[in-house]
Amino acid sequence: MAISGSLVAFGISVGIFAILALGMNIKFGYTGLLEIGHVAFYLLGGYMTALLVLPPTSPGQQYILGLGLPWIVAIVLASLFAGVIGALVSLPAIRLREDYLAITLLGMAYIVQQLFRSERWLANGPRALAGFERPLNNLFPVPGETLGSAIVFGVLVALFWMAATYALARLPSITKFDSARRMIVNGTFALTTLGVGYFFGRRAHKADNQMVNVLIAGFLAGVIATVATVVTPAAINELIALVFVGTFSLFTWVYAYVSVRRYFSEATASDALYGLALTVLFFVSLAPLIVLGNDQNEMTSAIGMLLTVVLLAAYVYGLVYLSRNWDRYGSDNVNLVTIVGIGAVWLFIVRYFGVSLISPLQNGGVGSAILSTFQNLIWMLQFHQSLGIGIEYDRFLLVMVFSTLGLMYYLSETAVQSPFGRVLKAIREDEDVATALGKNTFTYKVQSMAVGSAIAGFAGGLTAIQFQSLTWSIFRMDVTFFVLLMVIIGGTANNRGAILGSVIFWSFSRATSDLAEFFPAAAGSSIRALRLVIIGALLIVILYYRPEGIWGEEHRTIEVDSE
């Protein structure tokens, strides 16, 4: 089975928690409110969305409301509800000192969680609240045989083409390459976008208004895909999906390569080999566990685990030693952090295109491995057991999550760059100065709580779609601290940093889960539990060595016309 499904699930989690982090960043990063009850609004948004979507009655369940509203209306109302609750909670609590505010909001979050956990009349109590269909679920997989399915497929293709064209138009490195490399890169982009995205992307790159050409590219591609699906026989739909969506999948790999190459532009081929060496040594450290860890003999298994732990400890010690002696052993072009970043890229490549082939090779031979590699490359398409090809709902949900993430990022950036956002930062820096300048700081803090809580409620609505059922355990109290960690990792008062923090956190979670799979079942659960300890240690290290985060706070200057 292809591992691309894991990549899609990873992307959905990253997107939802990135939205949560944007809401936290409004309250904590820009306003300076120590808000550790963020999960309460996440919970309220999720449950309220489900309660508004559910029919009046559902067999075996008890709940209030059940209005049967459309999903879009339900998520908007649930977000507004979470925002209103955030504002109401802040009215008595916002005047408290910072530590008391944190304790109050934490207590409120615990009360809300226990309320939904214990009161069955409210939302089925400790049992799962289920019975609601996901939006447009009956139209998938696409492209299908109905007109609605063809239209959904066309909309998805339009979004893919707009994303590809926009990414291409904003890639300045194309014009900086020498003629030979520029021809190769441009030719590859032309191939992977069937010429449509490339043509309009080049126009958008030179035009004053990029978005017009981006929209044209997406609209044309979407119309062509819809018409082709409607007028051709159903047996041809799989080929249409492979052409329109498969090429976009290839485009993402090409664009990822160009972006990574551009990001590590100062690194040489030797530096890339250093990063590959780090990855190889990491897998060598796991070799005893892979070979001996699952042996039926308990002594042999214990020896394999012990050797792996020793080798991993030596690996970490080696990294520490290199960091202290990088001037003697390292590269003159980049530092060790960059080499570790290159190693992380190699780790993903080896895991996605190498380790994932072990099982297909064992079960089906070379042919199965080649098919699995092809499926992993064409990651936006789902391949069924009968070799049917189409877009399943999880891929659609990924597009939905990242589209709304882009919208939330745009709205957040617009808000923080406005006078409203500048007042929030002034309150964070020195509330007395903001008050002296005539700003009602209390009102601004309440507004900040309302906006951040509404964004968290929106993330809760997407979570209801993701799981199709809700239980109180999804909204654990530690979710708030994970989101706070994401904001700190990426950089407070930096919306791009909040998204980066979500990517890093979930990458770490996914990596430790994969690592735990190599261990026997009992030890694997211990590794997953140890992950929380490592996350806490990571937070301490970041706060000590780089309190501003990886990207740090964005500082903007405003030009003032002297006339």
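1. In this predicted model, H38, F41, Y42, G45, G46 and T49 of helix 2 are in contact with M449, G452, S453, A456, G457, A459, G460, G461, T463 and A464 of helix 20. Sorted by character, the residues of this contact comprise six nonpolar, ten polar and no charged.

2. Two packed helices are described by the angle between their axes and the distance between the axes. Here the axes of helix 2 (residues 38–53) and helix 20 (residues 441–467) come within 6 Å and cross at roughly 50 degrees. Helix 2 is therefore oblique to helix 20, since angles of 65 to 115 degrees would be required for roughly perpendicular and under 35 degrees for roughly parallel. The handedness of the crossing between helix 2 and helix 20 is right-handed.

3. Helix 2 itself deserves a separate remark. Its 16 residues span 23 Å from the first C-alpha to the last, close to the 22 Å expected at 1.5 Å a residue. Helix 2 is also mostly covered, with 16 of its 16 residues buried.

4. The loop between helix 5 (120–123) and helix 6 (147–169) holds P141, and P143 lies in that loop as well. Both prolines follow a cis peptide bond: one joins F140 and P141, with omega about 0 degrees, and another joins V142 and P143, again with omega about 0 degrees. Most peptide bonds are trans, and the two cis bonds at P141 and P143 may accordingly be noted when the loop is inspected.

5. Positive phi values also occur in the loop between helix 5 and helix 6, where N124 is located. Phi of N124 is near 70 degrees, a positive value in a residue other than glycine. Most residues other than glycine have a negative phi. N124 has 1% relative accessibility and therefore counts as buried, the cut-off being under 20% relative accessible area.

6. L136 is found in the loop between helix 5 and helix 6 too. Although L136 is not a glycine, its phi is positive, at about 60 degrees. Is L136 buried, exposed or partly exposed? With a relative accessible area of 42%, L136 is partly exposed, because the value falls between the limits of 20% for buried and 50% for exposed.

7. To draw the loop points together: the loop between helix 5 and helix 6 contains N124, L136, P141 and P143. Of these, N124 is buried, whereas L136 is partly exposed.

Definitions and conventions: Residues are numbered from 1 along each chain as its sequence is written. This is a predicted model: local features need pLDDT of at least 70, side-chain atom pairs count only at pLDDT 80 or more; totals for chains, interfaces and linings use all residues. Side-chain values use heavy atoms; hydrogens and water are left out. Axes are lines fitted to C-alpha atoms, for helices over the stretch in contact, and angles run from 0 to 180 degrees between N-to-C directions. Helices (H or I, at least four residues) and strands (E, at least two) are DSSP runs, numbered from the N terminus. Angles under 35 degrees count as roughly parallel, over 145 as roughly antiparallel, 65 to 115 as roughly perpendicular and the rest as oblique. A crossing is left-handed if the near helix is turned anticlockwise from the far one by less than a right angle, and right-handed if clockwise. Contact means heavy atoms within 4.5 Å. Ala, Val, Leu, Ile, Met, Phe, Trp, Tyr, Cys and Pro count as nonpolar, Asp, Glu, Lys and Arg as charged, and the others, Gly among them, as polar. Buried means under 20% relative accessible area, exposed over 50%, partly exposed in between (1.4 Å probe, protein chains only). The expected span of a helix is 1.5 Å times one less than its number of residues.
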